[in-house]
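Please open the model in your viewer and keep the sequence panel beside it, since each stop below begins with something to select. The tour starts with the aromatic rings and then moves outward to other places in the chain.

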Amino acid sequence: MYDYLKSLHLIFVITWFAGLFYIVRLFVYQIEANEKPSPEKEILQKQYKIMTYRLWYIIAWPSAILATIFALSLLHLNPGLLEMSWMQVKLVFVVLLFIYHLKCHQIFKDLQNDEVKYSPNFMRLWNEGATLILFAVVFLVILKNAVNWIYGVIGIALFSILIMLGFKFYKRIREKNKS
């Protein structure tokens, strides 16, 4: 029974992260569509609202809830996990993931009401938040060490910085070629 619950937990964690990664990408597109001329703007906005609504309420929220239910079931069956330092650190990241999810929900609601509060570039950076949490949790679960996860997170953070620098460099080249 335990392994079935663990499998279901992992499946819904994966679908939850997929929803979080894709919703922020859709936020980028929705914000960029807001800058288009009419009627393109209205057509794209309508389509992105439908897409984000379906993704958020059919995939992201149910996945978050089911992943949590299965996680709590696992902890109920094996309460000794709560005494392990790596699990305690993992639970801190789970709390951060829920905070991230709730912030995405706020952004989702704003965009559904045509309130654009962030730039596309901010959303691209925001998308890295879920990635950092994912890396930290995977390293914690696999290594079962409350300290070694830091190396994985540092590695992905450095990789993210390199990608952002590359993005800025490419943007400058593109702008220079336009002139």
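For the first stop, a ring pair is taken to be two rings of Phe, Tyr or Trp, the last represented by its six-membered ring, whose centres lie within 6.5 Å. With that rule in mind, and remembering that this is a predicted model, select Tyr53, Trp56, Tyr57, Trp61 and Phe108, which ring pairs link into a cluster.

**The whole chain**

Before going further into the rings, zoom out and colour by secondary structure: the chain holds 5 helices and 0 strands, and from the N terminus on its elements run α-α-α-α-α. The C-alpha atoms fill a box of roughly 60 × 35 × 25 Å when it is taken along the principal axes. If you switch on a surface, about 11200 Å² is exposed, and carbon and sulfur atoms supply 69% of that area, while buried residues make up 31% of the 179 residues in the chain. Drawing contacts between residues at least 6 apart in sequence gives a set in which 79% join residues at least 24 apart. Colouring by charge picks out 19 positive and 11 negative charges, and the mean positions of these two groups are 4 Å apart.

**Aromatic pairs across the helices**

Return now to the rings, for which the pairing rule gives a count of 12 aromatic pairs. Select Phe12 and Phe70: their ring centres are 5.9 Å apart and their planes meet at 15°, so the pair is stacked. Because Phe12 lies in helix 1 (residues 2–33) and Phe70 in helix 2 (residues 40–77), the pair ties together parts that are 58 residues apart in sequence. Are the two partners buried or partly exposed? Phe12 counts as partly exposed, at 21% relative accessibility, whereas Phe70 is buried, with a relative accessible area of 15%.

Next select Trp16 and Phe98, an aromatic pair that is tilted, with 4.9 Å from centre to centre and 50° between the planes. Trp16 lies in helix 1 and Phe98 in helix 3 (residues 85–112), so this pair ties together parts that are 82 residues apart in sequence. Trp16 counts as buried at 4% relative accessibility, while Phe98 is partly exposed, with a relative accessible area of 25%.

**His105 beside the ring cluster**

Which residues does His105 contact once its neighbours within four places in sequence are left aside? Select His105, which lies in helix 3, and show those contacts: they are Trp56, Tyr57 and Trp61, and these three residues are among the members of the ring cluster visited at the outset. The side chains of His105 and Trp56 are joined by a polar contact of 2.6 Å. With a relative accessible area of 16%, His105 is buried; the cut-off for that class is under 20%.

**Gln30, a polar side chain under cover**

Move to Gln30, which is found in helix 1 and is buried, with a relative accessible area of 1%. Show its side chain together with the backbone of Leu111, and you will find the side chain reaching the backbone oxygen of Leu111 at 3.4 Å. Leaving aside neighbours within four places in sequence, Gln30 is in contact with Gln45, Tyr48, Lys49, Thr52 and Leu111.

**Two loops to inspect**

Select Ser38 and Pro39 and display the backbone atoms between them, where the peptide bond is cis, with omega near 0°. Pro39 lies in the loop between helix 1 and helix 2.

Then follow the chain to Asp114, found in the loop between helix 3 and helix 4 (120–143). Its phi is near 60°, a positive value in a residue other than glycine, and Asp114 is exposed, with a relative accessible area of 52%.

For the last stop, select Glu115, which is found in the loop between helix 3 and helix 4 and is partly exposed, with a relative accessible area of 35%. Add Ile31 to the selection and draw a distance between the two C-alpha atoms: Glu115 and Ile31 are 9.5 Å apart in space and 84 residues apart in sequence.

Key:
Residues are numbered from 1 along each chain as its sequence is written. This is a predicted model: local features need pLDDT of at least 70, side-chain atom pairs count only at pLDDT 80 or more; totals for chains, interfaces and linings use all residues. Side-chain values use heavy atoms; hydrogens and water are left out. Helices (H or I, at least four residues) and strands (E, at least two) are DSSP runs, numbered from the N terminus. Buried means under 20% relative accessible area, exposed over 50%, partly exposed in between (1.4 Å probe, protein chains only). Contact means heavy atoms within 4.5 Å. Accessible areas come from the Shrake-Rupley method with a 1.4 Å probe; for residues, only the protein chains shown count as cover. Lys and Arg count as positive and Asp and Glu as negative; His and the chain ends are not counted. The place of a charge is taken as NZ of Lys, CZ of Arg, CG of Asp or CD of Glu. A polar contact is a pair of N or O atoms within 3.5 Å; within protein, one must be able to donate a hydrogen and the other to accept it, and residues adjacent in sequence count only if both atoms are side-chain atoms. Rings of Phe, Tyr and Trp (its six-membered ring) pair if their centres lie within 6.5 Å; planes under 30 degrees apart count as stacked, over 60 as edge-to-face and the rest as tilted.
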